[in-house]
Amino acid sequence: MENIKIGVIGLGFMGDLHANCYSTLPNVNLVGIADKDLQKKELADKYNTKFYNDYKDLLNSDIDAVSVCLPDMFHVDACCDAAKAKKHILVEKPLAHNHESAKKIIKASKENNVRLMVAHILRFDPRCVQLYENTSKDKIGDLIHIKAKRATIIDVANRLSSTSSILYYLGVHDIDLINWISRSEIKSVYAKKVEKHNNGNEDSLLAILELENGALGMLDYCWSWPSALPSGYNFNFEVLGTKTGNFIDMRDQGIWEITQDKLSSFDTHLWPTTNGKITGDLKDELLHFSEAIKNKSNFLQEPEFAAKSIKVIDCIFESIEKGNKVSIV
């Protein structure tokens with residue numbers, strides 16, 4: 001069969017990674033890339049593809065599918081335009097900036113008979129997949145609690161400013177994992193936040209979650225750490241049941257560099273460059289998307305499940321605003 005013809009919309013941090021990775025996949029032809037910033041045009045030569053200043057021109061070209069890597073609030077228009085153009089869609093997480101917008105994207109994809117996948121990269125991380133396999137009821141017993149903690153440098157919050165939130169940029173990963181690994185639904189949330197840097201973002205945010213199976217969940221987020229934090233982030237995920245407990249600790253990637261003034265770690269799982277090519281979770285994710293389109297096979301996750309995380313985030317914001325617990329309908 002012929003290679004899948006794919007384009008990339010949005011050439012920021014993640015869009016650049018998508019284009020880079022697609023350009024090396026054996027089953028993909030990277031037909032074009034699009035960004036309103038003309039300075040991104042140089043990436044077309046780097047990845048041996050065509051540059052479009054208007055993503056609608058890319059959608060009108062001869063492509064089968066597109067990666068949408070724009071900021072959250074622009075996902076609705078780009079995804080709906082791609083659906084109308086009959087292009088299959090891989091959209092970077094989060095699916096949208098609120099649940100109503102997420103439903104619009106899903107509706108547009110169904111009405112136009114195109115396939116939609118949300119790029120929840122941790123579904124392709126072997127540690128998270130192993131954790132899921134370790135936490136079946138016969139192994140873990142009754143779930144007691146499930147916790148996620150992330151510490152990230154302030155550079156990320158300053159760069160994103162008010163275009164995103166710690167919940168959409170980071171929290172959506174863990175909320176999706178909680179929905180998946182708990183084998184349950186989140187039924188209520190109670191949350192508080194702190195803002196002292198005045199960069200348009202939360203500095204820290206804590207949320208307590210109630211699950212329908214009687215377990216408790218917790219989100220513990222901060223992206224106000226100094227830039228010297230090794231690898232730029234720490235991630236911990238803990239699942240405790242009546243039989244066993246499991247946890248992931250991503251503070252140590254297994255490699256460290258020590259200089260006179262800094263301790264550094266490096267990414268070995270998400271999108272490391274190995275022998276000149278992007279490997280790891282991102283490669284597996286994009287390969288899965290392209291192969292599922294080519295072979296008409298199922299995605300690991302359907303968009304309706306991904307949309308559950310957006311509903312939880314909406315309710316967390318509502319809880320912060322009202323100062324009380326919010327039930328998720």
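**Exercise 1.** How many cavities of 30 Å³ or more does a search of the whole structure find? Describe the largest cavity by its lining.

*Solution.* Keep in mind that we're working with a predicted model. Start with the count: the search turns up one cavity of 30 Å³ or more. Next, its space: the largest cavity holds about 40 Å³. Now look at who lines it: Met117, Val118, His120, Arg123, Phe124, His288, Leu300 and Gln301. Finally, sort that lining by class, and you get four nonpolar, three polar and one charged residues.

**Exercise 2.** Find out which way strands β7 and β9 run relative to β10.

*Solution.* Take β7 (residues 143–153) to begin with: eight bridges join it to β10 (residues 216–225), and the two run parallel. To check a spot in this pairing, find histidine 145, which stands opposite leucine 216 in β10. Then move on to β9 (residues 204–211), which seven bridges join to β10, this time antiparallel. Here serine 204 stands opposite cysteine 222 in β10. Last, look at the hairpin of β9 and β10: four residues sit between the strands, and glycine 214 takes a positive phi near 90°.

**Exercise 3.** Work out why the chain is as compact as a globular protein of its length.

*Solution.* First, the inventory: the chain has eleven helices and 17 strands. Its radius of gyration is 20 Å, close to the 20 Å from the globule rule for 329 residues, so the chain is as compact as a globular protein of that length. For the spans, the C-alpha trace covers about 55 × 55 × 40 Å along its principal axes. As for burial, 53% of the 329 residues count as buried.

Note on methods. Residues are numbered from 1 along each chain as its sequence is written. This is a predicted model: local features need pLDDT of at least 70, side-chain atom pairs count only at pLDDT 80 or more; totals for chains, interfaces and linings use all residues. Side-chain values use heavy atoms; hydrogens and water are left out. On a 1 Å grid over the protein atoms alone, a cavity is a set of points where a 1.4 Å probe fits but cannot get out, and a pocket is an open set with protein on both sides within 12 Å along at least five of seven lines; lining residues have an atom within 4 Å of a point. Grid points are joined across faces, edges and corners, and a volume is the space filled by probe spheres set on the points. Ala, Val, Leu, Ile, Met, Phe, Trp, Tyr, Cys and Pro count as nonpolar, Asp, Glu, Lys and Arg as charged, and the others, Gly among them, as polar. Two strands pair if DSSP finds at least two bridges between them. The radius of gyration is taken over C-alpha atoms; the globule rule is 2.2 Å times the number of residues to the power 0.38. Buried means under 20% relative accessible area, exposed over 50%, partly exposed in between (1.4 Å probe, protein chains only).
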